[in-house]
Structures are given as structure tokens and as C-alpha cells.
Amino acid sequence: MDLLQSYAPDDASSPEEAAASSPDSSPLRLPSKSTAPAVDDTALALSAAASASRPLDPSLHLVAFNPTADQLWAPVLGPQHPHAPISSASGNRNHKLGHVEDAAVLPFLFDEQYNTFHRFGYAADPSGLHIVGDAAPQAAEPDTVYNLAPSEHKRRRLQSKEDNQDGPLPPEAKNPASDEWVLHNKQSPWAGKKEAPPAELTDEQRQYAEAHAAKKAEKEARGEGKEKAEVVVKSTFHGKEERDYQGRSWITPPKDAKAANDHCYIPKRCVHEWVGHTKGVSAIRFFPKYGHLLLSASMDCKIKIWDVLESRTCMRTYMGHSKAVRDISFSNDGTKFLSAGYDRNIQYWDTETGQVISTFSTGKVPYVVKLNPDEDKQHILLAGMSDKKIVQWDMKSGQITQEYDQHLGAVNTITFVDNNRRFVTSSDDKSLRVWEFGIPVVIKYISEPHMHSMPSIALHPNSNWLAAQSLDNQILIYSTKERFQLNKKKRFAGHIVAGYACQVNFSPDGRFVMSGDGEGSCWFWDWKSCRRFKTLKCHNGVCIGCEWHPLETSKVATCGWDGVIKYWGLKFGQKGCLRCLEVFHDKPIHEG
């Protein structure tokens with residue numbers, strides 16, 4: 001410090017200088033100087049000013065400066081090609097009219113504002129800050145259709161009613177005891193009783209009214225205006241005589257009727273056609289054990305029985321249902337049969353005389369009817385109904401003795417197994433249920449996610465297997481033993497039955513499985529190998545039913561929705577039809 005003071009000039013004798021040169025004063029501050037080289041920033045300022053005002057070319061992929069938001073969203077300057085497509089070069093446009101922003105609005109809030117706008121004429125925009133519409137809300141916080149008080153609703157309704165009226169209401173309209181009040185008050189229960197004077201009809205209206213009145217009078221004169229009377233049960237016999245010279249009934253089976261061969265063979269040709277039903281045939285059944293008669297139920301509300309062995313004509317027609325007949329079932333001896341119709345009635349018929357012995361109904365549509373196969377229980381009737389129940393009647397007393405109500409859909413089939421001690425039912429709920437006869441408790445419930453509804457089930461002649469027609473175009477086989485397991489090794493497919501309750505059946509010897517399909521064909525499979533043997537083109541519409549003759553081992557009857565019943569065999573009969581032949585062989589078959 002002393003050395004620095006020695007460099008002071010000699011004339012520094014002023015008090016300020018003395019104070020500055022004293023040891024207690026602050027150190028000497030040297031002037032600051034930048035060591036950076038001098039740069040001319042004129043060009044930089046000019047480029048920044050130019051970039052701020054320069055338009056941005058939207059076709060560039062590289063921008064040499066940082067553009068502002070206004071520059072990014074500015075419209076494109078200059079003319080546009082008239083045929084150029086709308087692209088990003090034309091600005092931020094996602095619609096032909098400009099830019100549309102997405103707004104997330106709850107459906108309830110949108111419906112609230114939508115109904116408010118159509119009801120009151122105003123609504124809040126999605127931001128909730130502004131009101132849109134021609135009408136202005138009366139309150140600071142606008143009301144909506146959902147938060148108005150009932151009194152406000154009533155006041156606005158009355159105000160709208162007054163605004164819509166042509167002129168002012170008369171004073172009597174405000175008095176509830178007057179007729180004018182009844183006419184103008186639409187909420188009154190007597191509003192429809194009083195009517196204003198009718199306007200004068202035009203000539204065209206008058207002619208129409210007169211024609212309508214004349215037509216109505218004509219219907220009443222014919223009795224069509226009244227309700228239809230109950231269906232009269234009647235039966236017509238079409239044969240030559242009901243009893244032969246020995247006094248035997250026409251339903252008596254021939255004495256020489258017996259099976260000619262133990263082995264069954266696939267039929268090849270149509271040997272006869274029964275034509276008599278005016279609508280589709282829904283079911284056919286051979287006479288038990290002998291098959292000399294064939295019973296058919298049709299959608300024309302009639303049931304017919306046909307001779308199979310001799311004349312092959314219609315023997316009797318049974319008329320007792322007012323709607324289409326759904327199912328039929330013979331008793332063990334064939335002297336009686338059941339019929340179920342869409343008129344919600346089950347009728348028990350005498351096959352010979354055509355008389356209705358008894359009628360049963362629960363008010364629901366019966367889909368399947370069956371008698372207990374035991375000889376001592378032929379008076380017990382089981383019916384699967386549309387209300388998910390299986391109803392059991394005692395036909396002697398006419399009373400319902402049991403109800404099985406575990407299904408979740410309409411019951412389609414009833415099949416007795418295990419020496420008639422149990423029965424299996426299928427339903428629209430895509431399940432199979434096994435019941436002990438007389439006990440309304442399910443002992444076996446079969447339902448899998450891959451299962452479909454099974455509208456037809458047949459029992460194998462050896463009583464060990466069930467064939468179930470599944471609506472996924474295949475026939476599944478279930479065991480009738482204790483576990484009722486699915487036999488995965490046996491599966492019959494190839495036909496199209498989806499949507500149709502086509503019947504599945506077995507040959508009497510159990511060697512063949514047959515089924516109709518939705519395209520009018522009848523399919524035959526081998527039971528052991530599951531291979532398709534033959535396909536017969538049988539009907540123009542759906543082939544809904546097929547039955548194998550119990551004694552004639554190569555004869556099959558089919559029915560379809562074309563109203564025709566066909567009889568198939570190996571040889572031509574008196575009325576053969578070559579046009580029905582359509583045979584597909586997978587391998588040669590010995591036909592005897």
C-alpha cells in the first residue's frame with residue numbers, strides 16, 4: 001500500500017485527495033473494458049424484423065427461425081389453384097367450411113341443452129359462458145327442462161296454450177262447471193265427450209263414408225262382424241267302409257304283417273306321394289308296431305291318417321283345432337292319439353271314430369305331447385309348454401298331477417329312457433335336463449357354452465344312446481347311462497338345419513341315422529363309421545319330418561313344408577316319381 005501511495009502526484013494536496021490516499025480509504029477502481037470484438041448487429045436486427053413480418057411457406061420442411069403462433073396459423077397468402085384439393089397448405093382446416101374443434105360433452109348434458117333449445121328457444125354453448133338462441137332466458141342462471149319446478153312447467157304450458165289460441169277465451173271457459181271449460185280443458189277426463197260442431201264434408205269424403213257404411217252393413221248381414229264361434233270338432237271318414245265283412249275295424253292291423261328282414265336298407269326312389277294338406281306338414285307318425293297307417297299333422301289345422309299298405313289313400317280327417325297343429329303322438333296300441341295345436345289346446349282323439357275323448361289346456365302353447373310308454377300308465381300325459389314348464393295330467397281325472405318347471409325356455413322335446421323311469425327334455429335355453437318320472441327335481445343338468453338348442457331328440461333302438469339334433473348343423477350323441485355323457489367320437493354333420501326343428505330318427509335295426517334338413521333333403525349316415533351314405537332330394541321346401549317304417553325295412557316316409565308326404569323305397573310302385581331321385585354314394589351298399 002505504501003508503494004502505491006508513492007506513485008501519487010506531487011500536487012495532490014487537496015483534502016479529497018488526501019482522504020483518497022489515506023490507508024483507511026477504499027482501493028482504487030480501474031475502468032472496465034470489454035475484451036469481446038466489436039460486431040455489427042445491424043444485419044441481425046434487420047433479419048429479425050424481416051422474419052417477424054415475413055410469411056411462412058407451408059410447403060417448407062425446414063424453418064430457419066422460430067415462427068410465432070400467429071405466423072403458424074395465418075392463412076396462406078396469394079391465389080390458390082381452383083382445382084387443388086383441400087390440404088394443410090390451405091390453413092388449419094378439418095372441414096370444408098373451416099376448422100371444427102372436438103368438444104367432449106356428456107350425453108345427458110347434450111340432451112338437456114338440446115331439449116331446452118327446442119322447448120324454450122335458448123341453450124348454453126359447450127363452454128357454458130354464453131347463451132345461444134333467439135329467446136333470452138328470464139333469469140340470470142337460465143333454467144333447463146330438467147331443473148324447472150312443476151309449477152313453472154304448468155305456468156309455461158298454460159302460457160303456450162293461450163298463445164296458440166286464435167282468440168281470447170270466453171268468460172265461461174274459466175268456470176269448471178260450464179261446458180266451455182270442458183271443451184277447452186284437454187286434461188279433463190270428459191274432454192272427449194264434448195265435441196265442437198263438425199265441419200261440412202266434401203263430396204269425396206261423403207262418398208267414402210257412404211261406401212264404408214254400406215260395406216259395414218253388408219258384413220253385419222253376413223255375420224262377419226260378430227266374433228267367430230268356437231271350432232266345431234268333427235271328423236270325416238274317406239274310406240269305403242269302417243268295418244269289413246268280418247266286423248274288423250279299418251284300423252285293425254293285418255294278421256300277416258311282420259318284418260321280412262332284420263337288416264334295413266337305404267331307400268332309393270319315391271314310390272308314392274300323399275297330397276291332401278293345403279299347407280305345410282309339421283309331423284308324421286307311423287302306426288305303432290305295424291305301420292299300416294300313417295298319421296300326419298299340418299298347418300292347415302287338420303290331422304289326416306293315410307293307408308300305407310293297400311289303397312294308399314286318406315282314410316280319415318280329424319278337425320278340431322283352430323290353429324296349426326304342432327305335434328302328434330300315438331298311444332301304445334294306436335287306438336288313441338294326442339294332438340297339440342297353436343290354439344293352446346291338447347286333444348285326445350279316438351283313432352277309429354274320430355271323436356275327441358278329452359281336451360286339456362293351461363292357456364299356453366304346447367310344443368310337444370307324450371304319453372307314458374308303460375302299459376299301466378297310458379293315462380298319464382306329459383306336455384312341454386311355451387311357459388318353460390312340463391305339465392303332467394292324469395287323463396282319467398283331468399287334473400294336473402305334477403309340474404316340472406326348471407327350464408329357462410320353451411320345452412321342445414320329451415324322451416323317456418331307462419325303462420321309462422326317467423325322461424330327458426330339451427329346451428330353447430340350450431340345455432338338456434334329466435328327470436325322475438313323477439319327481440320335479442332335475443337329476444342331471446347338461447349345459448355347455450358351445451351347446452345350441454336341440455329341437456329334436458331320438459332314442460336308439462338299443463336304448464343306450466340319444467341322438468340330438470343341434471341347431472349348429474350337427475347331430476350329437478349322448479349316453480343314456482347314469483352320467484349322460486356326450487359321445488365325442490360320434491358326430492353326424494353335413495346337413496343344414498339351423499333355424500328349423502328337423503326331425504332326427506334311427507332305422508329299426510339301429511344301423512342308420514337319418515334327418516331332414518332346411519333345403520328339402522333327407523340325409524342318411526352309417527351309425528358305426530359316422531359316414532354319410534346317401535342324400536335324397538325330397539321336398540321343395542324344408543324337410544321337417546322323417547319316419548322309418550317299423551316292418552318294411554327299406555321304406556321311409558318324409559314330410560315337408562310344401563304340404564306333400566312322400567314314401568320312399570327300393571322299387572317303383574304304381575305311382576313312382578323319378579324326379580325325386582337324387583342319390584350320392586360314398587361307397588357301394590349291398591341292398592339285397
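## Disulfides

A disulfide is taken here as a pair of cysteine sulfur atoms within 2.5 Å. Applied to this predicted model, that rule gives a count of zero disulfides.

C559 illustrates the result. The nearest cysteine sulfur to C559 belongs to C543 and lies 6.7 Å away. Because a pair must fall within 2.5 Å to be counted, C559 is in no disulfide. C559 is buried, at a relative accessible area of 0%. C270 likewise counts as buried, with a relative accessibility of 0%.

## Salt bridges across the structure

Side chains of opposite charge can pair when their charged atoms come close. Searching the whole structure yields 15 salt bridges. Among them are K566 with E273, K389 with E403, and R422 with D418.

## The K566–E273 pair

K566 and E273 join through their side chains in a salt bridge, with an N to O distance of 3.9 Å. K566 belongs to strand β31 (residues 564-569) and E273 to strand β4 (residues 269-275), so this contact ties together parts that are 293 residues apart in sequence.

The two partners fall into separate accessibility classes. K566 has a relative accessible area of 9% and is buried, whereas E273, at 23%, is partly exposed. The cut-off between these classes explains the assignment: K566 is buried because its value of 9% is under 20%.

## The K389–E403 pair

A further salt bridge is formed by the side chains of K389 and E403, at 3.5 Å from N to O. This pair links distant parts of the chain, 14 residues apart. K389 is placed in the loop between β14 (380-385) and β15 (390-394), while E403 is part of strand β16 (residues 399-404).

K389 is partly exposed, at 26% relative accessibility. E403 is also partly exposed, and its relative accessible area is 32%.

## R422, D418 and their network

In the salt bridge between R422 and D418, the closest N and O atoms are 3.7 Å apart. The contact belongs to a wider arrangement: salt bridges that share partners bring D418, R421, R422, E436 and E482 into one network.

Which of these two partners, R422 or D418, is buried, and which is partly exposed? R422 is the buried residue, with a relative accessible area of 11%. D418 counts as partly exposed, with 21% relative accessibility. With the limit for buried residues set at under 20%, D418 at 21% therefore falls outside that class.

Terms used:
Residues numbered from 1 in each chain as written. Predicted model: local features only at pLDDT ≥ 70, side-chain atom pairs only at ≥ 80, totals over all residues. Heavy atoms only, no water. Salt bridge = Lys/Arg side-chain N within 4 Å of Asp/Glu carboxyl O. Helix = DSSP H or I, 4+ residues; strand = E, 2+ residues; numbered from the N terminus. Buried < 20%, exposed > 50% of the residue type's maximum accessible area, 1.4 Å probe, protein only.
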